[in-house]
Amino acid sequence: MDLYEYQGKELFRRVGIPVSDGRRADSPQEARAAAQELGGPVVVKAQVLTGGRGKAGGIKLASGPDDAEQRAKEILGLDIRGHVVRRLWIEKASDIAKEYYLSITFDRGAKQPLFMFTTQGGVEIEQVAEESPEALIRLHVDPLEGFQPWIARRLVYGAAVEDPSEQRQIAAIVERLYRAFVEFDAMLCEINPLIVTPEGEVKALDSKFTVDDSALFRHPDVAEWRDVTAADPIEAFAREKGVTYVKLDGTVGICGNGAGLSMSTVDVVAHVGGRPANFCDLGGGGSAEGVVDALEVITRDPQVKSIFFNIFGGITRCDEVARGILEALGRLDMSRYPLVVRLDGTNAEEGRRLLQEAGRPNIHPEATMLDGARRAVELAA
Ligand code: GDP
Ligand code: MN
């Protein structure tokens, strides 16, 4: 679960990482009131679950309440890469002398958390990694040893931070960020920029915070922060139905059983020149009801032109999947979708027989994954 900047900052505040004082606002009037309360110049910040808000015009300085109201009018409703701004965060403006970058994330390859720190913050970190990789200090933490003070020192000295007060403050923030990462079961905690003010104070000016969905039961207060309106409506519907579904932007709807097979199917469809509309995994059971749910989700996407069922029966029984497909054809209006079906493995023959006997003109059986992908791409054209 991705948190909004202001939510991430709330967690930063709880572990003692310095952040600016701020207020939520969802309307120009609330932005004005917030600026009034905070006093002095403020920053009006779009709250959307995507980065690069500054470049997109979603972050603006305001001299006072009037100005904050005006800026809020400009930012609310703005579309930032498909995310419409409905919430704002108004915070006391900071003067910036330097912009650094600090993050901790999971390095799945190393099976350890990974700290990254550089004094070249403010810009996209991918750019730093590409253009001056030596400036990006990377350091793994052994989770069994936990945090050790030398970790912070190595990051700070490695990036050549020279000012002793800055070194101390950053070291403290590194330790607290590790605590936040562990305590809130995070997948990512990123501060970009971590700023130094002209007075030499170090603080987090931005926050990117991702909490592991599987650990949300341990953080009921954080779980409640989920903004259901921000989710893709089809993905939200899939979640409701218990279907594993990721929306993509092509035209071939894909349904497989098992994450591996479903991902391979996405790849094969792309390989034969098609564009997958989604990733959808029926899982191991593949009950008829699950198939109906999956088709209900996939057909909500207006971009879908054809659907490719790629089933390899193991625990999943192909006859059960076939029954699900026929059941869905009876319950949903599927007339405009050609369905390419490849059944293999447990009870495949029985499944194919069921489909054949049903005599539905929009069902196209194929024997292999490759032929199925080709057919589905053809039919989506
Ligand atoms: P992002 O573009 O989504 O990463 O949003 P950020 O919160 O990182 O803000 C983008 C940029 O706006 C920062 O890198 C800063 O340069 C600038 N910015 C944000 N807050 C302030 C502030 O309080 N004062 C000043 N002067 N600039 C700010
Ligand atoms: Mn940022």
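What percentage of the 381 residues in the protein do buried residues make up? Buried residues account for 50% of them. The model shown in these views is predicted.

**View 1. Overall fold of the predicted model.** The protein has 13 helices and 19 strands. Its C-alpha atoms fill a box of roughly 80 × 50 × 40 Å along the principal axes. Contacts reach across the sequence: of those between residues at least 6 apart, 70% join residues at least 24 apart. The protein exposes about 17900 Å². Carbon and sulfur atoms supply 49% of that area.

**View 2. Helix H1 and the glycine that follows.** Helix H1 runs over residues 5-15 and is mostly covered. Eight of its 11 residues are buried. At the start of the helix these are Glu-5, Tyr-6, Gln-7, Gly-8 and Lys-9. Leu-11, Phe-12 and Val-15 are buried as well. After H1 comes Gly-16. The phi of Gly-16 is positive, near 95°.

**View 3. The manganese site.** Ligand 2 is a manganese ion. Two residues coordinate the ion: Asn-192 through O and Asp-206 through OD. The distances are 2.1 to 2.2 Å. Asn-192 sits in strand S11 (residues 186-196), while Asp-206 belongs to the loop between strand S12 (202-204) and strand S13 (208-211), so the pair ties together parts 14 residues apart in sequence. Why does Asn-192 count as buried? Its relative accessibility is 14%, and the cut-off for buried is under 20%. Asp-206, at 18% relative accessibility, also counts as buried.

**View 4. A cis peptide bond in strand S11.** The bond from Asn-192 to Pro-193 is cis. Its omega is near 10°. Pro-193 lies in strand S11. Asn-192, on the other side of this bond, is one of the residues that coordinate the manganese ion.

**View 5. Helix H13 and its cover.** Helix H13 spans residues 369-380, 12 residues in total. From first C-alpha to last, the helix reaches 16 Å, close to the 16 Å expected at 1.5 Å a residue. Which residues of H13 are buried? They are Met-369, Gly-372, Ala-373, Ala-376, Val-377 and Ala-380. These residues cover an arc of only 130° around the axis, which puts them on the same side of H13. An α-helix has 3.6 residues a turn, so residues three or four places apart point the same way. The cover over the buried residues of H13 includes helix H9 (259-271). Strands S15 (252-256), S17 (306-313) and S18 (339-345) are also part of that cover.

**View 6. Lys-111, with positive phi.** Lys-111 is a residue other than glycine, yet its phi is positive, near 55°. Lys-111 is located in the loop between strand S8 (98-107) and strand S9 (112-118). Is Lys-111 buried or exposed? Lys-111 is exposed, with a relative accessible area of 70%.

**View 7. Asn-347, with positive phi.** Asn-347 has a phi near 60°, again a positive value in a residue other than glycine. Where is Asn-347 placed? Asn-347 is in the loop between S18 and helix H12 (348-358). Asn-347 is partly exposed, at 35% relative accessible area. Strand S18, which comes before this loop, is among the elements that cover the buried residues of H13.

Notes:
Residues numbered from 1 in each chain as written. Chains lettered and ligands numbered in written order. Predicted model: local features only at pLDDT ≥ 70, side-chain atom pairs only at ≥ 80, totals over all residues. Heavy atoms only, no water. Helix = DSSP H or I, 4+ residues; strand = E, 2+ residues; numbered from the N terminus. Expected span 1.5 Å × (residues − 1). Buried < 20%, exposed > 50% of the residue type's maximum accessible area, 1.4 Å probe, protein only. Arc of directions from axis to C-beta. Contact = heavy atoms within 4.5 Å. Donors = N, O, S within 2.8 Å, 3.2 Å for Na, K, Ca; no water. Areas by Shrake-Rupley, 256 points an atom, 1.4 Å probe, with all protein chains shown as cover.
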